[in-house]
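User: Please take a close look at a single residue in this model and explain how it fits into the strands around it. I am new to this structure, so kindly define each term when it first appears.

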Amino acid sequence: MITGSSTSRAARTTQRSKALTIATVMTVLTTALSLSGCGAAPWAQGTDGPSPSASSTAVPEPVPNDLSTGSTQRTLTAGAVTATVDYWSELSMDKWTPGALKPLKLSLVTTITPSDGQKVYLQRATMVAVPGNAAGALAALDPQIDQATTPPGYLVLSPYSYSQQFTVGAVPDEATFVTLELTYDFLVQTTPTSTEYAKQTATDTLTVAIAH
């Protein structure tokens, strides 16, 4: 009887141990499932997560400005004539506003190749200002023309030079820049003593930003 009771107690102890073990395992599994339901593990969050949506606001393109440093120089070729033109403005770029009178100054001098003694004259200089923005060109302003008052024109062969100031008038408020189209008409002696001339034309374009 004593032996039988001991065996029975041992069996019940073994059964309780198994029950506790199963309960412990179930508790651990339940806890793990609960934690997994809270979200991904910290190390899983990073580059694979959803990226923030990009802003739908477009960044405007910077407006080109040939006078951003205050001045610029161009070399133009028209046949045998090479013209060097300096452009600048005494009005600072932050004051090139739509309603302001915006002065453009220029100085021009030419050389000729081959140089056989014939002279070069500037018969006419023309500037047309065309305001615009990202959508395209707006209505052009009236042309400004400097026509030589003495024939055959202004002597512009180095060391003689030509200086002039054109003025860009008011442009529409929606303009973000103005394109300046410049044309120079030269007369070149056919020979050093000739009264006959050949006409040569050089063109140039400047873009200047409008301040707002």
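Analyst:
**A buried residue and its surroundings**

D185 has a relative accessibility of 5% and therefore counts as buried; the term means under 20% relative accessible area, while exposed means over 50% and partly exposed lies in between, with a 1.4 Å probe and only protein chains considered. The model is predicted, so local features need pLDDT of at least 70 and side-chain atom pairs count only at pLDDT 80 or more, whereas totals for chains, interfaces and linings use all residues. Residues are numbered from 1 along each chain as its sequence is written, and side-chain values use heavy atoms, with hydrogens and water left out.

D185 belongs to strand β9; strands (E, at least two residues) and helices (H or I, at least four) are DSSP runs, numbered from the N terminus. The side chain of D185 makes a polar contact of 2.9 Å with the side chain of T201. A polar contact is a pair of N or O atoms within 3.5 Å; within protein, one must be able to donate a hydrogen and the other to accept it, and residues adjacent in sequence count only if both atoms are side-chain atoms. Setting aside neighbours within four places in sequence, D185 is in contact (heavy atoms within 4.5 Å) with Y121, L122, Q123, R124, K199, Q200 and T201.

Strand β9 also takes part in the largest nonpolar core, to which it gives the most, with 6 residues. Such a core is a set of buried Ala, Val, Leu, Ile, Met, Phe, Trp, Tyr and Cys residues joined through side-chain atoms within 4.5 Å. This core has 35 residues, and Y87, L180, L182, Y184 and F186 touch the most other members. At least two residues of this core come from each of β1, β2, β3, β4 (120-133), β8, β9 (177-189) and β10 (197-209).

Strand β10 holds T205. With a relative accessible area of 41%, T205 is partly exposed. Not counting residues up to four places away in sequence, T205 touches D66, R74, T179 and L180. T205 and T179 are 26 residues apart in sequence, and their C-alpha atoms are 6.8 Å apart in space.

R74, one of the residues touched by T205, is part of the covered face of β1, along with T72, L76 and A78. The uncovered face of β1 consists of S71, Q73, T75 and T77.

Strand β1 pairs with β2 in the antiparallel sense over 8 bridges; two strands pair if DSSP finds at least two bridges between them. T72 has Y87 as its bridge partner in β2, and Y87 is among the core residues that touch the most other members. The hairpin of β1 and β2 has 2 residues between the strands, and G79 takes a positive phi near 65° in this hairpin.

These strands belong to an open sheet of 4 strands in the order β1-β2-β3-β8, with antiparallel pairing. The edges are formed by β1 (71-78) and β8 (162-168); each has a single partner strand, so one side of each is left without a neighbour in the sheet. On average, neighbouring strands of this sheet are turned by 25° against each other, direction ignored; the axes are lines fitted to C-alpha atoms, for helices over the stretch in contact, and angles run from 0 to 180 degrees between N-to-C directions. Within the sheet, β2 (residues 81-88) and β3 (residues 102-112) pair in the antiparallel sense over 8 bridges, and T82 stands opposite T111 in β3.

The loop between β3 and β4 contains P114, and the peptide bond from T113 to P114 is cis, with omega near -5°. S115 also has its place in the loop between β3 and β4, where it is exposed at a relative accessible area of 57%. Another cis peptide bond joins S158 and P159, with omega about 15°; P159 lies in the loop between β7 (154-155) and β8.

For the wider setting, the protein chain has 1 helix and 10 strands. Of its 212 residues, 31% count as buried. Among contacts between residues at least 6 apart in sequence, 66% join residues at least 24 apart.
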